[in-house]
Structure formats: C-alpha cells, structure tokens
Amino acid sequence: MNRHALTTRRLGLEPVREAHADLVFAQMSDTRLWTYFAHLRPGTLEDLRALYRRWERGTPTQPDETWENWLCFLRADGAGIGSLQATIRGQAALLAYAIYVPYQRQGYAREAAAAVLAHLRSTHRVKTAIAEMDPRNEASIGLAQSLGFVRVRKGQRGTDLTYELTLR
Ligand SMILES: CC(C)(COP(=O)(O)OP(=O)(O)OC[C@H]1O[C@@H](n2cnc3c(N)ncnc32)[C@H](O)[C@@H]1OP(=O)(O)O)[C@@H](O)C(=O)NCCC(=O)NCCS
C-alpha cells in the first residue's frame, strides 16, 4: 500500500480515507462536476463511503497496479476542495482529477496535479503520465495542456482523448 501526504503552497493532499466521504459528499453531489461521466456520480453518502473505503484499503484488483488517491484541502481554512487519483502501472500512471465547482478556475487543479506528478516521478519512478478525457471537456483539456501534456491519440474507449506527459 502506498499512502503519501503531499503539500503545496496553498494545499494539503491527504490520502483518501472513508471518513472523508462525510466532509465532501455535498460538493461531490453537484451534477456540474459529472457532466461527462454522470454514471460515476455517487448517488448516496453510503456509496461515497464505500468508494473511499475501497480506496483507503488501496488493494488493487490488478496485482501489478498501485492506486494513490488524495483529497485536497485548503491549508488556509481546511476546506475540502477536490480529489486526485493516480493509477500506476510500471513506469506509466493514469491521472484523474476533480476540483469542486466553487473552487474551480483558481489554479488549484494545476497546483495539486503538479505536486502529484513530481511525486509520481520521484517516488514511483513513473516516466509517463496519461490523462484521458471527453473531447468536450474543455477544462480538463485546458488543465492537461497547462501542465505540458500533449495529445497522443484517441483513448481506449473510442470517444475519449488521450494526453501524455513525459516526466523528467
Ligand atoms: C478539470 C478541473 C479539475 C480543472 O480544475 P481547476 O482548478 O478549475 O483548474 P485550474 O484553475 O488549475 O486551471 C488549470 C488550467 O486549465 C484551464 N482551464 C480550467 N478550466 C477551464 C475551462 N472551463 N475552460 C478552459 N480552460 C480551463 C485554466 O485556464 C488553466 O490554464 P492556464 O494554467 O494556462 O491558465 C475542473 O474543471 C473539474 O473538476 N471538472 C469536473 C471534473 C472533470 O471533468 N475532471 C476531469 C476528468 S477527465
């Protein structure tokens, strides 16, 4: 199990625990967060608790995968503002991210993702970060591009775009 807390100028990133579900369920229920993947939205607090419980255990279904999941908190007031995930397979990691609606467009995703990418490189020796997104997801594309990711191909599910970043 890999569970690393990370700190940036404005944010603390804590490994997700089941108890976090109660703190962030209201924000996670905002349908605007799920525009491009509505089917993944946790319907109830118990659903979110179960998801976070699984993440807290951190046991991958694939033996060659490592999962790291973080909840982002503002260091200034402790508010939960979003989450990031990394699924690590060998020297590649799939990155996913969400910043709750009231906290978007303030550079938090970029700040948190930059810290996660540095961690993936230094701790897990990841060489390639991958981000997949719906082609209409301008915010996710904007974030990936802002971090230096470049578009490489259509994603595995046919409709998604795949972006990659070589970590140096
Ligand atoms: C994608 C998401 C995480 C971005 O979070 P954020 O904190 O608002 O992003 P930031 O403020 O750090 O912005 C990072 C970059 O993306 C750009 N960006 C952010 N939102 C944007 C939007 N709606 N349209 C275009 N560009 C956008 C910013 O301009 C910035 O670029 P810059 O550094 O060149 O100025 C957020 O919109 C979100 O949670 N969306 C819903 C969940 C989701 O779709 N996750 C991705 C799944 S693949």
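## Packing of H1 and H2

In this predicted model, helix H1 (residues 20-28) packs with helix H2 (residues 45-57) at an angle of about 125 degrees. The axes of the two helices are 9 Å apart. H1 is therefore oblique to H2, since an angle that is neither under 35 degrees, nor over 145, nor from 65 to 115 counts as oblique. The crossing in which H1 passes H2 is right-handed.

On the H1 side, the contact is made by His20, Ala21, Asp22, Phe25 and Met28. H2 contributes Leu45, Leu48, Arg49 and Tyr52. Sorted by class, the residues in this contact of H1 with H2 are 6 nonpolar, 1 polar and 2 charged.

## Ligand surroundings

The ligand has 21 residues around it. Those that come nearest are Gln104, Ala109, Ala139, Gly142 and Ser146. Strand E5 (92-99), helix H3 (108-124) and helix H4 (138-146) are the elements that give two or more residues to this shell. H4 supplies the largest share, with 6 residues.

By class, the shell around the ligand holds 11 nonpolar, 7 polar and 3 charged residues.

## Secondary structure

The chain has 4 helices and 8 strands. Along the sequence, these elements follow the pattern β-β-α-α-β-β-β-α-β-α-β-β.

## Overall dimensions

The chain has 168 residues, and a compact globule with that number would have a radius of gyration near 15 Å. The radius of gyration of the chain is 15 Å, which agrees with the value for such a globule. Taken along the principal axes, the box filled by the C-alpha atoms is roughly 35 × 35 × 35 Å.

How values were computed
Residues numbered from 1 in each chain as written. Predicted model: local features only at pLDDT ≥ 70, side-chain atom pairs only at ≥ 80, totals over all residues. Axes fitted to C-alpha atoms, helices over the stretch in contact; angles between N-to-C directions. Left-handed = near helix turned anticlockwise from the far one by under 90°. Contact = placed C-beta atoms within 7 Å. Nonpolar A, V, L, I, M, F, W, Y, C, P; charged D, E, K, R; others polar. Near = placed C-beta within 6 Å. Rg over C-alpha atoms; globule rule 2.2 N^0.38 Å.
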